[in-house]
Amino acid sequence: NCSGCARELTLTEAEITFLNTLAQYAFLPVARTMGDLTPVYLEEGEPGQMSLLLQILEKKGLLSLDYDKPLKGYDMSAYTAYPIHGSIALTERGQKVLELMDYQGVL
């Protein structure tokens, strides 16, 4: 739980792990198909579970999925089946949550 985040926030272990990964890299790849807003992240975990995880974290306001800014210089060969490429980044709220959890010794 994060009780200093403007309202109570509950995170699963998987959500915390992914946020930590994102904090280490600043940006990660994401893709989707035409006409489907479901995000696809193929770097770890089962794609369906990762899609759900990304949607939950986006809804909580902790990360953003930006399809207007694909990652430059990133090998997107695993994503060739998906015509729309973008990036995942922490939001300001996501950064604050991670800082608070680090301060509280959760991380």
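Read from the N terminus onward, the elements of the chain follow the order α-β-α-β-β-α, and in this predicted model they amount to three helices and three strands. The radius of gyration of the chain is 14 Å, close to the 13 Å that the globule rule gives for 107 residues, so the chain is as compact as a globular protein of that length. Along the principal axes, the C-alpha atoms of the chain occupy a box of roughly 40 × 25 × 25 Å. Of the 107 residues, 39% count as buried, and among the contacts in the chain with a separation of 6 or more, 69% come from residues that are 24 or more positions apart.

**The sheet**

The three strands form an open sheet in the order β1-β3-β2, and their pairing is antiparallel. Strands β1 and β2 are the edge strands, each of which pairs on one side only. On average, and with direction ignored, neighbouring strands of this sheet are turned by 30 degrees against each other. Between β1 and β3, which run antiparallel, there are six bridges; in one bridge, V30 has G86 of β3 as its partner.

The residue ranges of the three strands are set out below.

| Strand | Residues |
|---|---|
| β1 | residues 27–32 |
| β2 | residues 63–66 |
| β3 | residues 84–90 |

**Helix packing**

Helix α2 lies across β1, β2 and β3, and its direction makes an angle of about 115 degrees with β2. How, then, are the axes of helix α1 and helix α2 placed, and at what angle do they cross? The axes of α1, which spans residues 13–25, and of α2, which spans residues 47–59, come within 11 Å of each other and cross at roughly 80 degrees. Because angles of 65 to 115 degrees count as roughly perpendicular, that crossing makes α1 roughly perpendicular to α2.

On the side of α1, the contact is made by A14, E15, F18 and L19, while α2 contributes M50, L53, L54, I56 and L57. Sorted by class, this contact of α1 with α2 contains eight nonpolar residues, one charged residue and no polar residues; E15 is one of the residues that α1 brings to the contact, and Glu belongs to the charged class.

Taken together, α2 is the helix that lies across β1, β2 and β3 and that also meets α1 through residues including M50 and L53.

Key:
Residues are numbered from 1 along each chain as its sequence is written. This is a predicted model: local features need pLDDT of at least 70, side-chain atom pairs count only at pLDDT 80 or more; totals for chains, interfaces and linings use all residues. Side-chain values use heavy atoms; hydrogens and water are left out. Axes are lines fitted to C-alpha atoms, for helices over the stretch in contact, and angles run from 0 to 180 degrees between N-to-C directions. Helices (H or I, at least four residues) and strands (E, at least two) are DSSP runs, numbered from the N terminus. Angles under 35 degrees count as roughly parallel, over 145 as roughly antiparallel, 65 to 115 as roughly perpendicular and the rest as oblique. Contact means heavy atoms within 4.5 Å. Two strands pair if DSSP finds at least two bridges between them. The radius of gyration is taken over C-alpha atoms; the globule rule is 2.2 Å times the number of residues to the power 0.38. Buried means under 20% relative accessible area, exposed over 50%, partly exposed in between (1.4 Å probe, protein chains only).
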